[in-house]
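Reading a structure for the first time can feel like a lot at once. Shall we go through it together, feature by feature?

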Amino acid sequence: MFSSTRHSHGWVGLTSNKDNLLAYQFITGCFTIFYSLTILLLLIIPLYIVDGVVKGFIAFSFYQLKMGDTRIRMPELEKAISLSAPIILNSLSLLVLGLNSVTYWVYRRHNPLLARLMFPASLASIFSTIFSYMTHTVYIGRVVESLAGEYVETNSAGILILGSVTIEASPLVSIMLSPLPLLILSILNAIFSTMWVLQVYSRLSS
Amino acid sequence: MKERLREIIQISYVILIIAFSIGARFLPTPIGFFTVSGFSMYPTLKPGDLVIGVGSFITPYKEGDVVIYCVNVSTCVVHRLVLVNGTYAITKGDYNPSNDPPISTDSIRFKVIGTIPLLVWLPLTVVSLIFIFFPLSPRKGLKQAFLMETFVFLIFLLLNLTYLTIYVLQTPPAFTKLSLPSMSLASLYTENGYSTLIIDYHSTGLKIKEVEDCFLIAQSLTIQCSSYHVDGDRVLVHPPGEFYMFLFENNISAFMVKLTLSLEQGRLVGKYPFTVDWRRPVLEITNNKLVISNPNPIPIEILGYRIRSYGDGLKARYMGNVTEYSAPGFILQPFETEEIDLSWIPSQSYIEVRYVFFNQTFTWVGRIDK
């Protein structure tokens, strides 16, 4: 859109070029904020609501299960929670970069360093997304599968009927847990940041 | 020219990766690459491992080989062959407890000849991709484009892979079992004769709230407990006298206590066996007294007793100088002890006590020496 003026008036070309970069910075920044917040939200919102003998919830990054007043520890879930660390790190760095990009855009300043950092972080987020999906299916899914059911024990005292445990998946999460929407989001984020970084390099080379 | 060559390499690389990753699912390729996605073949194959297969039309397979068969385009399975029988074969995952359903031998596409762990093939693929699409020259140093990006990306990737390898892929997830509160039987005993039956529990994280139901069961008889109470982790049941009478009359020595307890979390239903040791009344003469004790939880009928006193000296004894004294019977209540004074008896005497036990009449004889 600025190509005709760029050739005839050098200063106009520079301004339009900067506008172009600022636009990329803003769009990529906004999308990165949206993406990282989605991932962070997914990490903290309860994925499963546990009811019955055991009450509580299970999220990606933490869980709370109680039987009466006694808190229950589950090693498998703790393992899954420790696995969310790289995803949190990745998402937080993307969030900081996204917020910085938007803040710079507000002051009409372009920062190429942000583009250069956001690009690899966005690419890595694709791996994080696959990784988180694997974590979920392998660990949390397995725990949930084993938690639900009737708790009846037969021993020397007789038949101990503790009750049943029902697990309800949050409707929002059941949509988000499908790998496709997250993967599409992460790929889109990577595409935006790639476009921005390529713009930065094309400007540097010119 | 150089740029053209680079483009050719890039396109070839992409084609190669696509062909290797998904091509084998569609076409009868001589070599196929597949990634393991579960723990069914653990520890032979771990999730993420790259499996290299040679087409079954090139290398024959036999029982014990790891093969790849495809159910459809999207689902291929890497399992071990346990049986090949003409047109069908049976496979099994090394970590799976049972065999897979039979498959047609036509569906076996590859025989596995090797594997590359995730931590080797993924970084190699990523690094090669970086160098092909973003070629870095060591001569240019840090000034060159995409150098910082590459490093940042590799740090993130390494972090993810390290976590993935260390925490997820090394061991299969165990089936989680909750350490739930439990309640087991500590002991069963009776107190105060049989008037109190005590059921003692050992509980972890559970407390008895109340007794919902309590039944005493003996053969065809089932009666509700008349009295019971909870004392911490124990339940005390007081069976009524009629229950023991029923047992005694029917010559039964074993019975059950069926309890339904309401716990702070859940319920406990248990049947606890008890036995009654029916014993004859205990009779003894001590300190010029006849002591009769009833060790049973039922009344015992003493039909009566008779004392035969002999006169002093041999002559009196052989001449038949005998004095007799009789007393009427009485009922000896459960666990009751009756003492009969014998101090008035002047000389050596014999005492006969008759009582009824299990519908039979017994006679106990004791001697009093003076």
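Here is a short conversation between a learner and a teacher about this model.

Q: What are the ipTM and pTM scores of the model?
A: Welcome! Keep in mind that this is a predicted model. Its scores are ipTM 0.77 and pTM 0.58. For chain B, the mean pLDDT is 84, and 91% of the residues reach 70 or more.

Q: How do I read a sheet, and in what order do the strands of the open sheet in chain B come?
A: Start with the general idea: strands of a sheet pair through backbone hydrogen bonds, either parallel or antiparallel. In chain B, seven strands form an open sheet in the order 1-2-7-3-4-5-6, and the pairing is antiparallel. At the edges sit strand 1 (31-35) and strand 6 (103-104) of chain B, each pairing on one side only.

Q: How many bridges join strand 4 to strand 5 of chain B?
A: Five bridges link strand 4 (residues 76-85) with strand 5 (residues 88-92) of chain B, and these two strands run antiparallel. To find your place there, look for B:R80, which stands opposite B:K92 in strand 5 of chain B.

Q: Which strands does helix 1 of chain B lie across?
A: Helix 1 (residues 2-26) of chain B lies across strand 1, strand 3 (66-70) and strand 4 of chain B, and runs at about 110° to strand 1 of chain B.

Q: Is B:A19 buried or exposed?
A: In between! B:A19 belongs to helix 1 of chain B. This residue counts as partly exposed because 16 other C-beta atoms lie within 10 Å, while 20 or more would make a residue buried and 12 or fewer exposed. The C-alpha atoms of B:A19 and B:T29 are 9.3 Å apart, with their positions ten residues apart along the chain.

Q: Which residues of chain B does the UniProt annotation "transmembrane region" cover?
A: According to the unreviewed UniProt entry, that annotation covers residues 12-36, 112-134 and 146-169 of chain B. In the model, residues 12-36 of chain B are 60% helix and 20% strand, and the end C-alpha atoms of this span lie 25 Å apart.

Q: How many residues does each chain give to the contact?
A: Chain B gives 34 residues and chain A gives 44 residues. On the side of chain B that touches chain A, the largest share, twelve residues, comes from helix 3 of chain B. By class, that side of chain B has 22 nonpolar, eight polar and four charged residues.

Q: Which strands pair between the two chains?
A: Strand 6 (residues 158-169) of chain A pairs with strand 15 of chain B in the antiparallel sense, over three bridges. There, A:I161 stands opposite B:R267 in strand 15 of chain B.

Methods
Residues numbered from 1 in each chain as written. Chains lettered and ligands numbered in written order. Predicted model: local features only at pLDDT ≥ 70, side-chain atom pairs only at ≥ 80, totals over all residues. pLDDT = per-residue confidence, 0-100. Pairing = 2+ DSSP bridges. Helix = DSSP H or I, 4+ residues; strand = E, 2+ residues; numbered from the N terminus. Contact = placed C-beta atoms within 7 Å. Axes fitted to C-alpha atoms, helices over the stretch in contact; angles between N-to-C directions. UniProt positions renumbered as here; feature names shortened; annotations may be inferred. Nonpolar A, V, L, I, M, F, W, Y, C, P; charged D, E, K, R; others polar.
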